[in-house]
Amino acid sequence: MSSIDITSNPYKKDFPLLASMPDLAFLDSAATAQRPACVIEALDHFYKTMNANPLRGLYELSIEVTEAIDSTRKSIARFIGAGEENARDIIFNRNASEALNIVAQAFAPTVLEEGDEVCITIMEHHSNLIPWQQACKKAGAKLVYLYCDKNGFISDEEMQAKIGPKTKIVSAAHVSNVLGVTNPIARMAQLAHENGAYMVVDGAQSVPHMPVDVTELGCDFFAFSGHKVFGPFGVGVLWGKHELLESMPPFLTGGEMIDYVSEQDAVWSPPPEKFEAGTQDAAGIYATGVAIDYAEKVGLAAMEQRERELMRYLAERMDALKFIEVVGPADPDARSGAYSFNVTGVHPHDVSGILSGENIAIRAGHHCAQPLLLFLGMHTCCRASVAFYNDASDIDKLVEGLELVGRMFNV
Amino acid sequence: MSNGSTSSIYSAALMDHNAHPDYRYELEDATHSHDGINASCGDELTLYLRIDDENDIIEEASFTGHGCAISQASADMMAGLIEGESVDEAKRLLGLFIGMIQGNELSEDDIEDLDEAAELQSISRMPARVKCAELAWRTLNGILTERETEK
């Protein structure tokens, strides 16, 4: 047996909201994580002692903010395995959705032509699906899906059948926000590159749960949201291979992203500034850096191990409930963060509504993945998601809440 | 432990309408039908009405679709309320119900007129579920508004 004790919780004290609401079972971290005190304090610290517009630093405060942002770029580049020396390939924006839109709207048109194909998986969050629908419509290209089996696994045959000479872009969730499975990104990237295509990864659900290395994944673009990895709302990250960021046009234009402007034309700044039009959320970026430092201090490998134990315990308790229909892999070790399910004959909103009355926070609905749920033969489901700051008592509460649902609906 | 407010909405009457709806079927000879969707939760509902145009009477009402117990029970209660009523009376009940869900105080007469649907009053304090309770009624509004513009 593992040495990790999920009945004790050395992390809860780091999270003011969790510490002040001991009765709350927060099982919705896949939607947004809780923030540790150091991140909340960083925002306060920024506005009290550092606040200035980071416009290329013409005075002391502004220079400091510019340095703080560059330092966060370095932390993030290191954090996702891109290497600190490549910090300038880290682009800040609002969230993973915006990061993916940069790729779909600014990069895709440079490689997509009529009759080409973009390949995504059936388990994409709408944020990595609708941008590609739109990009394909504009280019006259075809959107092709990689389908999974009922456990959420995409076979090698499926990838070989769908990724071919017509494929120009493959884009996939690293970890599914519904099924919790990790997709075979490295293999997809290999097939994409063999066919002259580019690999885009939506890392929103992987970065908070496991060590990520974009070099090992072999991808060309990688996007994630700061708020899912314990940072403040409003900061997204796009990493891209330097030569691609260099050659593609900007997404938004305006202030801060130009080197020179005449009446009729403008010269773009090099990346990352080229993709960061307008004043950035400097405080948010600074606090995101603090969040990354915190995550590294806890250790992503330690988080992953603890979450695996939590997931095993959750699966064991849920399996004992006769009225639970599991959505996704039967093997709890195949899940990172997300555990989706249905209560037989009870609509997910009724489940979440009743659980809410018992101070248990889960997500219910289509999880911004409607094509996946239709593919799985359902409209909606419930999702409990764990982070390293959860413990066994959260899961016990969930199970008690579900037993109440079962009694109320006579299932 | 339970704060009560959420669970109390699941009254015996609501659970009964959800489990054994009287009006949940496709109306073959409907004169009007309209789809209602609740984008936030993916609930879908089709409301069918057979309206006698000469006398402006809703002769039959039914619904199909899928959704939570609140949306399904609310649809069943609504169909029961408006069936056999005049279009004007249905409009009046619609105004009463939406007003109630949005937090308006109801008179005793109003409560009586809304019958079991008045039990959904406490939903007005549960913003996440307001759309569920309103779905059928908003769909009814869609039909009646469309019918008026067609006239």
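**Exercise 1. Find the distance between the closest N and O atoms of A:Glu98 and A:Arg94, and classify the exposure of each residue.**

Solution. A:Glu98 and A:Arg94 form a salt bridge whose closest N and O atoms are 2.6 Å apart, the term standing for a side-chain nitrogen of Lys or Arg within 4 Å of a carboxyl oxygen of Asp or Glu. The model is a predicted one, in which local features need pLDDT of at least 70 and side-chain atom pairs count only at pLDDT 80 or more, whereas totals for chains, interfaces and linings use all residues. Side-chain values use heavy atoms, without hydrogens and water, residues are numbered from 1 along each chain as its sequence is written, and chains are lettered from A and ligands numbered from 1 in the order in which they are written.

For exposure, buried means under 20% relative accessible area, exposed over 50%, and partly exposed in between, with a 1.4 Å probe and protein chains only. A:Glu98, at 13% relative accessibility, therefore counts as buried, while A:Arg94, at 53%, is exposed.

**Exercise 2. Determine which parts of chain B are linked by the salt bridge between B:Arg147 and B:Asp53.**

Solution. The closest N and O atoms of B:Arg147 and B:Asp53 are 2.7 Å apart. B:Arg147 belongs to helix α6 (residues 127–150) of chain B, and B:Asp53 to the loop between β2 (43–52) and β3 (57–66), so that the pair, 94 residues apart, links distant parts of the chain; helices (H or I, at least four residues) and strands (E, at least two) are DSSP runs numbered from the N terminus. B:Arg147 counts as buried, at 6% relative accessibility.

**Exercise 3. Locate the largest nonpolar core with respect to the domains of chain A.**

Solution. A nonpolar core is a set of buried Ala, Val, Leu, Ile, Met, Phe, Trp, Tyr and Cys residues joined through side-chain atoms within 4.5 Å. The largest has 107 residues, of which A:Trp132, A:Phe222, A:Phe230 and A:Tyr389 touch the most other members. Its largest share, 10 residues, comes from helix α10 (residues 282–298) of chain A. Because domain 1 (12–30 + 300–408) and domain 2 (40–296) of chain A both give residues to this core, it lies between them; the bounds come from an automatic or database domain assignment.

As a further step, 34 residues of domain 1 of chain A are in contact with 31 residues of domain 2 of chain A, contact meaning heavy atoms within 4.5 Å. The C-alpha centres of these two domains lie 28 Å apart.
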